Amino acid sequence: MCRVAYVFYDTETTGIATSFSQILQFAAVKTDDELREIDRFEIRCRLLPHIVPSPGALLVTGITPETLLDPSFPSHYEAVREIRRKLVEWSPAVFIGYNSIGFDEELLRQALFQTLHSPYLTNTKGSERSDAMRIAHAVHMYCPNTIAVPIDNSGRETFKLDKLAPVNGFDHTDAHEAMADVEATIYVANLARNKAADVWETMRQFSNKTAVIEYVTSEDCFSLSERYFGRMYSWLVTYCGKNPEYDGQLAVFDLEHDPDDYISLSVEDLIKVLNKSPKIIRVLTANRQPIMMSADMAPDSVKARSVSLEEQNRRVGVIRSNRGFLARVGEALARRFADREASPHVERQIYDGFISWDDQALLQEFHEVDLGERAHCLEKLADPRLVELGQRLLFFENPELLSNRKLAEMEDWLCVRLLTDSSAVPWTTIPRALAEVEELLLEEGRGEPEFLEEIKRFLENRPGQLGLA
C-alpha cells in the first residue's frame, strides 16, 4: 500500500445537533503513515450571532461566556477560511478523528457549507476519511483483549475517548480541549496500529470508497460489524444491490435468512423489508469506513454460523445470480425515501444536490473580490441555498453591504431565531437554553453552580448585546 499522510482533527462545539451547532475550537495534527507528527494547527473563534450554545456543552468543554465573545478571536468566517487553507495545504490525506464521521466531520462540512465553500474537502481530490473510534470498535471485535475498554456506570462498555484513552495509558487531563483530544486520538490509533496491525491495515483500506465497493461486490461472503446502543453486532452477509442514483450506497443480505422468501418480492415490498427490524437486508455506505472482515473471522455469536457452509453457499448463489433481484433491491434503495419532504431549514439542505460548476466559480469569486463586490456575486448565484447563506454571511460580517430593507429582514430573522419559544424548532433557542440551565441547577451533586449562573446571565443579556431587547 502506498505511503500516505494522516490529518488527525477534533472540534469543540456549541452543541451536539450537527446542523445547528457551531465549531468554537478546531485542532489538527498532520502525521506521516507511521503516525509521526509533521505539523499542527489550532484555532478558536467567536460565537455566531444566531447560535445559542447548549449549557450542557459549555459544561463539558469548559468554554466560558467571556471566551465566546473574546474580541481577540477571529469571527467564525475568518476561522473557517484559516481552517480550510491549512487543510487544503495538507491535502491529499486521510482525515481522521474520533467519532468524526458521525460528528466532527458533519460540523466541519456545515462550517464550510455555511461560509460558502464546498463541504466535501475531506473526501475529494485524493483525500479519504477515517474514524479512530470505528477502528477501536473493529480491534475490540476482531482482536479482543488487545485494547482495554472501560465500563460505564450502567455496566456497559464505553468507547468514549476521555474514558478509553486513559485506561490504555494516556494522560488525558485536558479532555475536551481540541488539541488534547487530537493527541488522545493519535494515541488510540497507535495502539491499534501496533497491537492489531491486520485490523489497522484492513480498516485503512476501507477508508477508500472505491476499495469498499470493490470488496463488497467481489467477496461472496464477509463479516460486517456495527455498534448499536452500546453493543457490538456482526452478520455474515453478501452483496445484493446498489443504489443506481448513488453508487456508494450498497445493500447486503444477512445469510441467516433464506433468500427464497425474498427473491421474488416487488420493489414496493423490498422497501418494506429495508425499513423493517430486525434487518434482513442491511444498507452499507461505502464512504463511511464500514467494519468488514473475511467470513472466517466472523465471531462465533453470528447467527448465520448456525447455517451449514453448503447452505450458505447456496444462498449466496441464489442472490448473486439473480440480476432481477439485485436491480429491484437497488431501485428500492433509490426510492426508499422518495416521499420524504425536503427540510425548510437551509442547514438540512446541505445534501440536497451538489453545487453547480457555475455557482462554485461565483463562490470562489465571492471570497476573493473587494468587499463592496460581494453582494453583486450573491445576486448571480442560481442555488437558493447559497443565496440564503450568503445573505446571512453578509449580515454577520459586512452588514453595511445590505440594503436597509434586507438589513431589517435579517434583524427580524435573528430575533425569531434566538427568541422563539416554539418547541418545534430543531435548534437551541435562548428560552430553551435557559430552561436547560434551570434543570442543571436542580441536579443533585452538580458541582458547577457558579458557572451555570454565569451562563444564565450571559443568555439573559444576549438579546441586548445583539440589539434585540
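**Entry 1: Ground rules**

I count as helices the DSSP runs of H or I with at least four residues, and as strands the runs of E with at least two, numbered from the N terminus. The model is predicted, so I note that local features need pLDDT of at least 70, that side-chain atom pairs count only at pLDDT 80 or more, and that totals for chains, interfaces and linings use all residues. Residues are numbered from 1 along each chain as its sequence is written, and side-chain values use heavy atoms, with hydrogens and water left out.

**Entry 2: Cavities**

I work on a 1 Å grid over the protein atoms alone, where a cavity is a set of points that a 1.4 Å probe fits but cannot leave. A lining residue has an atom within 4 Å of a point. Points are joined across faces, edges and corners, and a volume is the space filled by probe spheres set on them.

How many cavities of 30 Å³ or more are there? I count four.

I start with the second largest cavity, which holds about 60 Å³ of space. Its lining is S21, Q22, I23, L48, H76, L107, Q110, A111 and Q114. Helix α4 (residues 100-114) gives the most, with four residues. For classes, I take Ala, Val, Leu, Ile, Met, Phe, Trp, Tyr, Cys and Pro as nonpolar, Asp, Glu, Lys and Arg as charged, and the others, Gly among them, as polar. This lining has four nonpolar, five polar and no charged residues.

Next I look at the largest cavity, with about 80 Å³ of space. L48, H50, H76, Q114, T115, L389, R392, L393 and F396 line it. Helix α15 (residues 384-397) supplies the largest share, four residues. By class I find four nonpolar, four polar and one charged.

**Entry 3: A pocket**

A pocket is an open set of points with protein on both sides within 12 Å along at least five of seven lines. I look up the second largest one, which holds about 770 Å³ of space. It has 25 lining residues, and R84, S118, T124, K125 and Q360 are the closest to its centre. Which helix gives the largest share of the lining? I find α13, with six residues. Both α3 (76-90) and α13 (357-368) supply at least two residues each. The lining divides into 11 nonpolar, nine polar and five charged residues.

**Entry 4: Salt bridges**

I call it a salt bridge when a side-chain nitrogen of Lys or Arg lies within 4 Å of a carboxyl oxygen of Asp or Glu. The whole structure has 28 of them. For each partner I also check exposure: buried is under 20% relative accessible area, exposed is over 50%, and partly exposed is in between (1.4 Å probe, protein chains only).

E37 and R40 form one salt bridge, at 2.8 Å from N to O. E37 is partly exposed, at 45%. R40 is partly exposed too, at 35%.

E82 and R85 form another, with their closest N and O atoms 3.4 Å apart. Both lie in helix α3, three residues apart, about one turn of the helix. E82 has 33% relative accessibility and R85 has 41%, and I log each as partly exposed. I also find a network of salt bridges that links D39, E82, R85, K86 and E89.

Are E128 and R204 buried or exposed? Both are buried. Their side chains meet in a salt bridge, 2.8 Å from N to O. E128 is in strand β5 (residues 128-131) and R204 in helix α8 (residues 197-205), so the pair ties together parts 76 residues apart in sequence.

**Entry 5: Strands**

Strands of a sheet pair through backbone hydrogen bonds, parallel or antiparallel. I count two strands as paired if DSSP finds at least two bridges between them.

Strand β2 (residues 23-31) is mostly covered, with nine of its nine residues buried. Strand β1 (residues 6-13) pairs with β2 in the antiparallel sense over eight bridges. There, E12 has Q25 as its bridge partner. Strand β3 (residues 37-44) pairs with β2 over seven bridges, again antiparallel. F26 stands opposite I43 in β3. Between β2 and β3 I see a hairpin with five residues in between, and L35 in the turn has a positive phi of about 65 degrees.

Then I trace an open sheet of five strands, in the order β9-β8-β7-β6-β10, with antiparallel pairing. β9 (281-285) and β10 (291-294) are the edge strands, and each pairs on one side only. Five bridges join β8 (residues 249-254) to β9. Q249 stands opposite T285 in β9.
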